[in-house]
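Hi,

Here's the structure I said I'd pass on. Have a look at it first, and my notes on what turned up follow underneath.

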Amino acid sequence: MNLESFLLMRHEVMLTIALLIILIAELSTEKKNSIINLSIILMFITTIVGFFPVPEGTLFGGMYQTNHMTVLMKNILNIGTLILFLQVAEWIKQPQYGNKVSEFYLLILSTLIGMNFMISSGHFLMFYIGLELATIPIAALAAYDRAKSISAEAGIKLILSSALSSGILLYGLSMMYGTIGSLYFTEMAGAFMSTPLQTLGFVFFFAGMGFKISLVPFHLWTADVYEGAPINVASYLSVISKGAAVFILAILLYTVFYSIAPMWKNLLYVMAVMTMTVGNLFALRQKNMKRFLAFSSIAQAGFILLGMIDGTSMGMASMIYFVLIYIFTNLGAFGVVSAISVATGKENMDDYNGLYKTNPSLSLLMMLSLFSLAGIPPVAGFFGKFFLFTSAANSGYYWLVFIAVINATISLYYYLLVVKAMFINNNDHPIAYFKSGFTTRIALLMCMIGIFVIGLYSPIYEFIRMFSTGM
Amino acid sequence: MIDFSYTVLILLIPLFMFLLIGLTSGKMKPALSGYIGTLAMSVVTLLSYYTAYQYFFNRPAGTEIFEKIVPFHTVWVHFTDTLYVDLGVLLDPISVMMLVVITTVSLMVHIYSIGYMHGEKGYSRFYAFLSLFSFSMLGLVVATNIFQMYMFWELVGVSSYLLISFYYEKPTAVSAGKKAFIVTRFADLGFLIGILILSYISGTFNFVELTDPQGALITQGTSLTFMGISALTWALTLIFMGGAGKSAMFPLHIWLPDAMEGPTPVSALIHAATMVVAGVYLVARLFPIYYFVVPDALTIVAYVGGFTSLFAAVIACTQTDIKRVLAFSTMSQIGYMMLALGVSGYGGEHGLGYMASMFHLFTHAMFKALLFLGAGAIIHAVHTNDMNHMGGLRKYLPITHITFLIATLTISGMPPFSAYFSKDEILVAAFEHDKFLFFIEYAVSGITAFYMFRLYFNVFWGKSTHYHHTPHESPLTMTVPLMILAVASMFTGFIPFNDLVTSNGAAFELHTDWSVAIPSVAIGLVGIAVAWIFYKKQSAIPDKLAVTFKYPYKWSFNKFYIDEVYLFVTKKIIFNRISAPVAWFDRHVVDASMNGISWVTNAISDQIKGLQSGQLQKYGFVFVSGVLILTFAFVYFLFN
Amino acid sequence: MDFLTLFVVVPVLTIFAIVFTKNMKQTRLVSAIGMGVQLILAIALVFMYLAEREAGNTAEMVFSHSYVWFESLNIQYIIGVDGISVAMILLAAIVVLTGIFASWQVDFLPREFFISLIFLSAGVFGFFISLDLFTMFLFYEVAVIPMYLLIGIWGTGPKEYSAMKLTLMLMGASALLLVGLLGIYFNSNAGGGDLTFNILEIAKVNIPMSAQRMFFPMTFIGFGVLGALFPFHTWSPDGHASAPTAVSMLHAGVLMKLGGYGAFRVAMYLMPDAAQEMAWIFLILTGISVVYGAFGAIFQKDLKYINAYSSVSHCGLVLFAILMMNKTALNGAILQMISHGLMTALFFALIGMIYGRTHTRMINQLGGLMKIMPVLSVSYVIAGLASLGLPGLSGFIAEMTIFFGAFQHPDVFHRVLTITAAASIVITAVYILRVVGQILYGPVTNEHYLKLDDAHWYERVSTGVLIVAIAGIGIAPLWLSDMINDSLNPIVHQLMQAIVK
Amino acid sequence: MLSEIPLSYFLVVSTLMFFIGIYGFLTRKNLITILMAVELILNSVNINFVAFNRYLFPNQLEGHFFSLFIIAVAAAEAAVAIAIIISVYRRYSNIDVERVDTMKY
C-alpha cells in the first residue's frame with residue numbers, strides 16, 4: 001500500500017477513518033450530543049475532501065477501479081448522507097434510543113463504505129462484498145427501533161429477502177463465471193453472448209440488483225421495510241442505497257453487459273413500465289406517509305430506468321442528475337415527515353390536514369418536494385424528469401416516454417392529495433406549531449436550496465455530463 | 001363636382017349624442033338630454049335636407065343621370081388583399097331619399113317624445129337609444145359596401161332590441177325584444193351567408209362595383225353551383241332572407257306585432273317608418289344584381305311581398321289592439337314595396353316598379369309615422385291599446401282626430417293624398433308584369449281601406465265609451481309633429497319621383513293609367529263604405545259575421561297560429577330535443593368517460609392490493625416466480 | 001437584462017415584494033402596482049414593436065435574445081416577439097390587472113392568493129415570449145399548476161374535485177405535448193445541423209413526414225385540450241364554475257389562449273405537412289365544439305356554466321379558424337383569442353361581482369338586477385353584446401374575420417363547415433339574451449336584493465378597463481389586425497409550401 | 001479419482017440444492033428454518049463456483065476464493081439475521097413467519 005493507492009481510494013479511506021474515530025470517541029465519551037456533532041463534522045469533512053481532484057486509476061490488480069464518474073457518484077452519496085446526518089440528529093436524541101447512539105452512525109458509515117466499494121469495484125467479488133456490506137447493516141438499522149415491533153418486522157423482512165435475493169444474484173454470478181471463466185469486469189466485458197445459460201445468469205443477477213433498486217416484481221419488501229424502519233433509515237434506503245445500486249447497475253450494464261444491450265434494453269423496458277405503473281397504483285391508496293413515500297420511490301425508480309435504457313453518456317448523465325435531484329427532493333420530503341413525527345409522532349396523511357395554517361414553512365417545503373417529485377417546474381424535479389425522458393426518446397422509445405408521462409400524471413394525483421391535505425382540507429385540531437431543531441432546519445434549508453438550484457443552474461448538469469460516460 | 005364630405009357629420013352627430021347622453025345619463029337632468037337630443041337631430045335633419053337639395057337639384061350641369069358619389073370613406077379592416085371593409089358615405093338617389101325620410105321621422109319622434117315620454121324613468125336612456133338608432137339607421141343607408149351595411153344592420157337590430165324592451169321590468173316587453181332580436185338575427189344569418197358567398201364570388205364588398213351593370217359580377221355571373229342551383233341565386237336569396245327578417249315578411253314577421261310592446265314613438269320610428277323598410281332598401285340597393293343575374297330570386301321577392309301584404313291585411317281586420325292593427329298594416333304595406341321591386345324592370349320605363357316602391361316607401365314612412373304617433377296620442381289619452389275600450393274620441397282629441405283621419409285616407413289610397421300616387425304606380429307595375437299579383441294587391445287595397453276605417457270608426461266614432469277620467473288633447477310637443485306629418489302625407493305625393501329616384505338614376509316620363517287608378521280608388525271606397533256600415537254606429541253585424549265565419553275569424557284573430565308554430569320549434573325541438581340532450585350527453589358521456597378513467601385506475605389499484613400481503617414468503621414467491629418467468633421469457637425469445 | 005425578460009422578472013419581483021407585505025391592503029396594493037407596471041410595459045411593448053416595424057425591421061421576431069442554458073442539450077432561453085405575441089402579451093397584462101382588481105376583497109390568505117395568481121401570470125408571459133420549445137413547455141406547466149391551489153383553496157362548490165380534474169386533464173394533455181415536443185426535437189436535425197429546441201431553427205428544416213404524422217396530432221391535441229377541444233373540454237365547465245373570480249378570468253381569458261397560440265405556433269408552424277393532411281379530422285372536432293358548446297350553453301342554469309360552455313364554443317372557433325390555414329382565418333383566430341379573452345374575463349368578473357352580492361349564480365333565482373345595480377348590469381349587457389358579435393365590439397370583427405377567411409378556402413367541405421360554424425352566432429344570441437332577460441330585466445325576484453349596492457370603485461376599474469379594451473378593438477381593429485397580419489407571413493408561407501409538396 | 005465424476009453431477013446437485021433452498025424459503029414457517037434454506041441456496045452457489053473453477057478453469061483460483069468469501073459473508077448475514085429474529089421473538093413471542101405480517105397492503 002503506497003500513498004497513491006490511498007489517494008485513489010480516498011473516499012473509502014476517509015469514511016473508514018471517520019468510522020474509527022467515532023468508535024474511539026464512543027469509548028471515550030458518554031455524552032450523546034458530542035457523538036452526534038462529531039459524526040456530523042466528520043461527515044462534513046469527508047464530503048469536502050471528496051471534492052478534491054483525484055487521478056483515475058485501478059488498484060489490487062483491477063479489483064478496484066476509480067474514475068471521475070465514480071468519484072462524482074460517491075460525492076453525491078456523501079452529500080446525501082451528510083444531509084441525512086443533519087436530519088437524524090434530532091430524531092436520535094430522543095430518549096428511547098438510550099445513550100449509545102454511535103451504532104447508528106457506525107452502521108450507516110459502514111454501509112456507505114460498502115456502497116463506495118461497490119461503485120468502484122472492478123471485479124464481481126469486490127462488488128459482492130460491497131453489496132453485502134451495504135445491505136446487512138441496513139437490516140440491523142431497520143430493526144434499530146427496539147421499542148417498536150414493526151421495526152423488528154421490517155428488519156427480518158429486509159434481511160431474509162435480501163439474503164434470498166443475494167443468493168439468486170450469486171447463482172447468476174456463478175453461471176457467468178462458469179461460462180466466461182473470469183469475474184473481472186474488464187475481461188468479462190464483451191464476452192457476453194446471449195446463450196441460454198448466460199441469459200439465465202444475467203437475469204438472476206439483474207433480479208438481485210432489481211431487489212436493491214426495488215423494481216417490480218422484486219419490490220415487495222420496500223413498503224413494509226420503509227414503514228417499519230425508523231424514518232431516517234427509510235429515507236437512507238430510499239435515496240442513498242437505491243442511488244448506489246442504480247449507479248453500479250448502470251455502470252455494469254454499460255461496461256460489462258454492453259454486448260447484450262438489446263436484451264437488457266427490452267428487460268429495462270418491461271421493468272420500467274411495470275415499476276412505474278404498479279408503484280403508482282399502490283401509492284394511490286396509501287394513508288401512511290412513510291408507506292406512501294415508499295411506493296412513490298418505487299415509481300421514481302421506474303423513471304430512473306428511462307435514463308438507463310438509453311446507453312449513451314446522455315442517459316448516464318441524466319440518470320446521475322436525476323439521482324442527485326432525487327436525493328435532495330426525497331430527503332426534503334422525508335425530512336418534513338421525520339420532523340413532524342419526531343415532534344408529534346404522527347405519520348398519517350390525515351394528520352397533515354390543515355398543516356399549512358400552523359406550520360407554513362414545513363408545508364411549503366413539503367409541497368415543493370412533492371412538486372419536484374411529480375416533475376413540476378420550476379423546481380428541479382421537472383428538469384430531472386425531462387432529461388430522463390429526453391434520453392429515453394433519444395433511443396426512440398417514444399411510447400415508453402408517453403407511458404412514463406401518463407404515470408407522472410397519476411403520480412401528480414397522489415402528490416396533490418398530500419398538498420390538498422396540507423393546504424385545502426380543514427381540520428379542527430391541526431398539528432400544533434412546533435419549532436424543529438437547528439440541524440433539522442439546516443438540512444431542510446439545504447434541501448430547499450438544492451431543489452431550486454440544481455434545476456435552474458445548468459452548470460451542475462453540464463458538470464455531470466462532462467464526467468459521465470456511456471457504452 | 002360638389003363637395004359632400006360634410007355628410008359624414010350626419011353620422012357622427014347622432015353617435016356623439018349617444019355617447020354623450022349615454023355616459024352622462026343619471027348625472028344630466030333628463031329634460032336637458034331630451035332637448036339637446038332633439039336639437040342635434042334637427043341639425044342632422046337640416047344637413048340631410050341640404051344634402052338632398054345639393055344632390056337632386058344642384059347637380060353639375062350636363063350630367064343626365066344621378067351618379068353614385070362616395071364623398072368620404074376610410075378603410076376599417078382588411079380581410080384579404082382584395083377583400084377589405086370601408087366605412088364611408090355613399091350618396092345616390094335612394095340613400096339620399098332615405099336620409100330625408102329617416103331624419104324627418106326621427107326628428108318628429110324626438111320632438112313628440114318630449115311630451116310623450118315626459119316623466120318616464122329612463123327618459124335620457126330613451127334619448128340615448130334614439131340617437132343610437134338614428135346613427136345606425138343612417139349608417140345603414142349610406143353604406144358604401146355591403147359589409148358596412150351588415151354592420152349597421154346589426155346595430156339597428158340591437159338598438160331596436162333595446163328600445164322594444166325599454167320597459168325592462170315588464171316581462172312581455174323583455175320577451176318581445178328577445179323575440180325580435182332572435183328572429184331578425186336568424187334572418188341576418190342568411191344575410192351573412194349571402195354576403196360570404198357573394199364576396200367569395202365577386203371578391204369585393206363595394207356596392208359601386210357590385211351593382212355596376214357593366215361590372216364583372218353582372219356581366220360574368222358565376223359558374224359555381226351548390227346543390228344544382230347557381231351560387232349567386234343562393235347568395236341573393238339568402239340576402240333577401242335577411243331583408244325579409246328586418247322587413248317582417250312572411251314567415252319571419254312574427255316579431256313585429258310583439259315589438260309593439262315598445263314605447264309608441266319607437267314603434268313609429270323603427271317599426272313603421274325606417275327600420276322595417278331596411279329590407280326593401282337592401283333589395284333596391286342590390287337591384288341590378290337581382291334583375292340581371294338572378295331573376296328567379298326576384299320572383300321570390302315579388303311573391304313573398306304579395307303574399308305577406310294579403311296575409312297581414314287579413315289578420316289586421318280582426319285585431320283589436322290598435323297598435324297591432326297598425327303593425328299588420330305596416331307589414332302589408334311593406335309587402336307592397338317588396339312586390340313592386342319584384343315586378344320591376346331596370347332602367348327608364350321598365351324601372352317603374354322600382355321607382356314606385358321607393359315612392360311608396362317615402363309616402364308610407366310619412367303617413368305610417370303619423371298613424372303611430374296618432375295612436376300614441378290616443379293611448380296617451382285613454383291609457384289602453386284596446387279599441388273595444390275606445391269610442392267617440394273625436395270630441396276629446398280634435399287635432400289627433402283630424403290628422404288621424406288624413407292618414408287613414410292616405411293609406412286607403414284616396415286621391416289626392418300621397419299614397420294614392422305611390423300605390424297606384426305599384427299597381428300599374430304589377431299589372432304590366434304579373435296579373436295574378438295585381439289582383440291580389442287590388443284586393444288588398446280594398447281590405448286595407450276596410451280595416452283602417454274599422455280602426456278609425458271604432459276609435460273616434462262608434463259607441464260613446466265612458467272613461468273614468470276624461471281624455472284630453474295632448475300637449476303641443478306631440479300635436480305639432482302630427483300636424484307636420486299630416487301635411488307631409490297630404491302633399492308628398494306630388495314629388496316627381498320619376499325624375500329623381502329611379503332604378504338607373506335616369507329620369508323617365510310617367511303617365512297615369514286610368515284603367516288601374518279608377519278601380520283601385522273605387523275598391524278603396526267600397527272598403528270604407530263597409531267599414532262605415534259596420535262600425536260607424538254600434539252594430540251587431542261584425543259579431544254576427546264573426547260567428548258565421550267562425551273558423552276564418554278565429555284563424556285570422558290568432559294570426560294563423562304562426563307564433564304557435566315557432567314556439568313549438570324553439571321550445572319543443574331546439575330546447576328539448578337538441579339542447580337538453582347535448583347538455584346531458586356532455587355531462588353523462590363525455591365527462592363521465594373522463595371521470596371513468598380515474599375510477600378505473602382506483603379500481604385496479606384496489607384489486608391488486610392483495611399483492612402486498614405482508615407475508616414474507618409470498619413476497620419471496622413473487623420474487624422467484626418473477627425471476628423464473630423473465631428467464632424463460634428471454635430464453636424463449638432467444639430461440640425464436 | 002433585455003426588455004422582454006422584464007415580463008417574467010416583474011411578476012417574480014412582485015411576488016418577492018408580496019412575501020414581505022403585512023396584510024391584505026398592502027398585498028393587493030403591491031400586486032396592483034406590480035401588474036400595473038406590467039400593463040404599462042405591455043403597452044410600451046406595442047408601441048416599441050410598431051416603431052421597430054416602422055423602422056423597417058422585417059425580422060420574423062424582434063427584440064429577440066438567446067441565452068444558452070443547457071449547452072449539451074442545446075437548450076436555450078430564446079425570447080422574441082412578433083405581432084401575435086405582442087398582442088397576446090397585451091391581452092394577458094390587461095386581464096391580469098383587471099383580475100387583481102376583481103379580487104380586491106380576497107381576505108382569506110390574501111398573500112398566498114396573489115402570489116399564486118401572479119406566479120401563474122409569470123408563466124403565461126413567459127410562454128408568450130419564449131421561442132424555445134423547452135422554455136415554452138416549462139412556462140406552460142408553470143402556468144397550469146397554480147390553478148390547483150387557486151381553485152382548491154379559494155374556490156367554491158365542489159372545488160377539490162374540479163381542481164383535481166382540471167389539473168390532471170391538463171397535465172395528461174401535457175403528456176402528449178411532451179412526447180410531441182421531444183419528437184420534434186429529435187427530428188430537428190433532419191436538415192443536418194444539431195438537435196435544437198429553437199422554433200425558428202426547426203421551422204427551417206422540414207421534419208420527415210412519418211415523424212410529422214406521429215407528432216402533429218400529439219402536439220395539437222396536447223395544446224388543444226387547453227383550448228377546450230372537443231371532447232377534451234370537460235375540465236373547463238367544472239373548473240370555471242368552482243374557480244374564484246380572478247382565476248376564472250385568467251383561465252378563460254388567458255390560459256385557454258395558450259392552447260390556441262401553441263397549437264399554431266408549434267404544431268402547425270413546425271409540422272405543416274401533417275397539418276395539411278390531418279386538418280380535416282380536427283376541423284370536424286372543432287366544428288362540433290363550436291355548435292355543441294353553444295347548444296350546451298342554452299340549457300345551463302348556472303351563469304358560470306353558461307359562460308364556460310360559450311367559451312368552449314368560442315375557443316372552438318379559434319382552433320377551427322387556425323385549421324383553415326389561410327392568412328385571414330389565422331388572423332381571425334388571433335383576434336378571436338384576444339376578443340374572447342377580454343370578453344370572457346369581463347363576463348367572469350361580473351358574474352363574480354354579482355355572486356359576491358347575491359350569493360347565487362342560478363339564473364332562475366336572479367332577476368331585475370338592472371334596477372338594483374345598473375352599472376354592473378349595463379356592463380353585463382355590453383359583455384353579452386360583445387359575445388354575440390355586435391359590431392363596434394371586439395367579438396364582431398373577430399368572428400367576421402374568421403368566417404370570411406375560412407370561406408375563402410377553395411374546398412366546398414370547408415365552406416360548408418364555415419356556414420355551420422357561422423350558425424352558432426344565432427344560438428349565441430339565444431342564450432345570451434336568455435340570461436340578460438332573466439337576470440337583469442324583469443321584476444326583482446328577491447326583495448333582499450333591493451338592499452344591494454352597485455359596483456365599487458375597484459370593480460368599476462376592473463370592468464371599465466375591459467370594456468374600453470373591447471370597444472377599442474371593436475371600433476378600430478385595423479392597427480391590431482395589421483400588426484397580426486404581418487406576423488402571419490412565415491407560418492402561412494410554411495403551410496403554402498406544404499400544399500405545394 | 002475425483003476426475004471420474006463429471007461436472008454435470010456437481011451442477012445437478014447444486015441446482016437441486018438451490019431449488020430445495022428456494023422451496024424451503026417459500027414453505028417453512030420457522031424463521032430459523034428459512035434462514036437455513038437461504039444458507040442452502042448460498043451453498044449451492046459455492047458448489048457451482050468451486051466446481052466450475054476446478055473443472056473448467058483449473059489454472060486460477062477466483063471461484064475458490066469467491067466461495068470462501070460467500071461463506072464468510074453468509075456467516076455475517078446469519079449473525080445479523082438471528083439477532084433480528086431474537087428481537088422478533090421478543091416482540092411477537094414466537095418466530096412464525098406468518099405472524100409477522102402486521103404491515104400489509
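G462(B) sits just after helix α19(B) and takes a positive phi of about 55 degrees. Bear in mind for this and everything below that the model is predicted. The helix before that glycine, α19 of chain B, covers residues 435–460. I checked its length: 26 residues at 1.5 Å a residue should span 38 Å, and the end C-alpha atoms are 37 Å apart, so the two figures agree. How much of α19(B) is buried? The count is 21 of the 26 residues, so the rest of the structure largely encloses this helix.

Over in chain C there's a hairpin worth a look. Strands β1(C) and β2(C) make it up, with four residues between them. One residue in that turn, N74(C), has a positive phi too, at about 60 degrees. The strands, with β1(C) running over residues 62–70, pair in the antiparallel sense through six bridges. If you want a place to start tracing the register, V62(C) has V81(C) in β2(C) as its bridge partner.

β2(C) itself, residues 75–81, is mostly covered, with seven of its seven residues buried. Which residues point which way? I75(C), Y77(C), I79(C) and V81(C) go to one side of the strand, while Q76(C), I78(C) and G80(C) go to the other. Both sets are buried.

Now the interfaces. Between chains B and C, 38 residues of chain B are in contact with 39 residues of chain C. On the chain B side, the elements giving two or more residues are β1 (69–78), α5 (146–164), α6 (171–202) and α25 (562–607). The largest share is from α6(B), with 14 residues. By class, that side of chain B divides into 26 nonpolar, six polar and six charged residues.

The A–D contact takes 31 residues from chain A and 33 residues from chain D. On the chain A side, α6 (124–142), α7 (149–180) and α10 (220–228) each supply at least two residues. Which of these elements gives the most to the side that touches chain D? That would be α7(A), with 16 residues. The classes on this side of chain A come to 18 nonpolar, eight polar and five charged residues.

One thing I haven't put in these notes is buried area: the size of an interface is often given as the accessible area lost when the parts come together.

Cheers

Definitions and conventions
Residues numbered from 1 in each chain as written. Chains lettered and ligands numbered in written order. Predicted model: local features only at pLDDT ≥ 70, side-chain atom pairs only at ≥ 80, totals over all residues. Buried ≥ 20, exposed ≤ 12 C-beta atoms within 10 Å, placed from the backbone. Pairing = 2+ DSSP bridges. Contact = placed C-beta atoms within 7 Å. Nonpolar A, V, L, I, M, F, W, Y, C, P; charged D, E, K, R; others polar. Expected span 1.5 Å × (residues − 1).
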